[in-house]
Amino acid sequence: MKAVVLDTDDHYRVAELDEPTPGPGQVAVRVAYAGIQWGDTMVRAGHFAVPRPYVPGFEASGHIVAVGAGVDARRIGEAVTALTTSGACAEVVLAPAVLASGIGGMSLRTAAGLGWGAPTAYDLINTVAQVRPGESVLIHAAAGSVGTFAAQFARLAGAGRIVGVAGTADRADYAAGFGYDRILLREEFPAGLGDERPDVILDPVGGPTRTAGLERLAVHGRLVAYGNLAPYEPVLADVNDLLMQGKSLLTYNSNLLGETHPERLADSARRALGLVADGEVRVDITAEYAFEDLAIAVRRLAEGTTWGKSVLRVA
């Protein structure tokens with residue numbers, strides 16, 4: 001099979017590899033599209049220790065072509081969106097059967113746009129922060145895949161006000177189409193909030209942004225940390241100070257959840273998929289790349305020149 005390989009010299013190459021065989025609890029998916037996400041930039045930059053040569057790609061859509069022991073053989077031929085630990089940028093990828101969700105009549109291209117972003121955003125709003133009707137929500141990285149999904153899930157949860165934070169004016173304009181009541185530029189946070197104190201803040205940034213967010217939370221507010229786009233500098237929080245205001249600092253790690261409790265992640269993925277299928281949530285694929293152009297796609301994502309969701313066309 002053909003696969004994109006990230007080699008020891010940090011270059012992507014298209015190579016011929018043996019087709020993988022699914023083990024117990026796994027399925028093999030013939031890939032139509034691979035989703036491109038922030039984790040791909042982290043691998044490329046060397047922040048994730050992976051053996052080289054390495055086949056990148058954490059999410060795919062396609063059809064199941066083989067199953068391992070313990071998996072119902074009737075799933076062969078099923079159209080799915082799959083979450084993987086690697087290897088999606090190839091003609092065939094292995095995935096845990098529980099994390100390969102049937103998509104029914106949804107197009108494979110649209111299904112590739114869900115990836116890890118949809119269940120992550122669903123969990124941030126509904127499972128971790130537990131947004132209640134009338135509450136205000138502030139979402140950093142508002143124009144990204146998670147941010148655009150989270151704004152829509154927050155509205156469905158009954159949020160009374162949704163504020164986004166975006167890095168550039170172009171990204172702010174794009175994010176505005178997903179139901180935000182207001183978009184701040186990154187340099188406007190937190191001063192641009194004025195007297196507003198959000199009930200919920202979704203923060204993949206970290207560093208001073210996280211510290212400022214904790215200070216700006218409303219009484220009984222919840223800040224959910226789910227990434228570190230900023231330099232990995234420690235954020236110190238005084239538990240007694242938080243306690244006096246009823247504030248909470250929470251974390252969410254979808255990758256870890258997929259390892260420890262994949263059935264929970266799968267449930268959220270199915271719920272998000274159902275909302276997309278029903279037309280209540282929109283997937284916006286803003287860029288589609290040819291198989292051999294993964295390097296361009298990852299570079300543009302790292303530079304912040306793309307927003308929404310990018311996919312790699314495999315089949």
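Before I start on the loops, let me fix one term: the helices and strands I name are DSSP runs, numbered from the N terminus, with at least four residues for a helix and at least two for a strand. In that numbering, and bearing in mind that this is a predicted model, Gln130 is found in the loop between α3 and β8, the latter covering residues 136-140. Gln130 is not a glycine, yet its phi is positive, at about 50°, and the residue is partly exposed, with a relative accessible area of 45%. A second case is Asp10, in the loop between β1 and β2, where phi is again positive, at about 70°, although Asp10 is not a glycine either.

Two cis peptide bonds deserve a look as well. One runs from Arg52 to Pro53, with omega near -5°, and Pro53 has its place in the loop between α1 and β4; the other runs from Phe189 to Pro190, with omega near 5°, in which Pro190 belongs to the loop between β10 and β11.

Turning to the interior, the largest nonpolar core has 83 residues, and Ile125, Phe153, Leu202 and Leu312 are those with the most contacts inside it; strand β3, residues 26-36, gives the largest share, seven residues. Apart from that core lies another, of 13 residues, including Leu138 and Phe189.

Finally, helix α9, residues 262-277, has end C-alpha atoms 22 Å apart, which agrees with the 22 Å that its 16 residues should span at 1.5 Å a residue. Its buried residues, among them Leu265, Ala269 and Leu273, pack against elements including β5, α3 and α4, and just after the helix Gly279 takes a positive phi of about 80°.

Key. Residues numbered from 1 in each chain as written. Predicted model: local features only at pLDDT ≥ 70, side-chain atom pairs only at ≥ 80, totals over all residues. Heavy atoms only, no water. Core = buried A, V, L, I, M, F, W, Y, C linked by side-chain atoms within 4.5 Å. Buried < 20%, exposed > 50% of the residue type's maximum accessible area, 1.4 Å probe, protein only. Expected span 1.5 Å × (residues − 1). Contact = heavy atoms within 4.5 Å.
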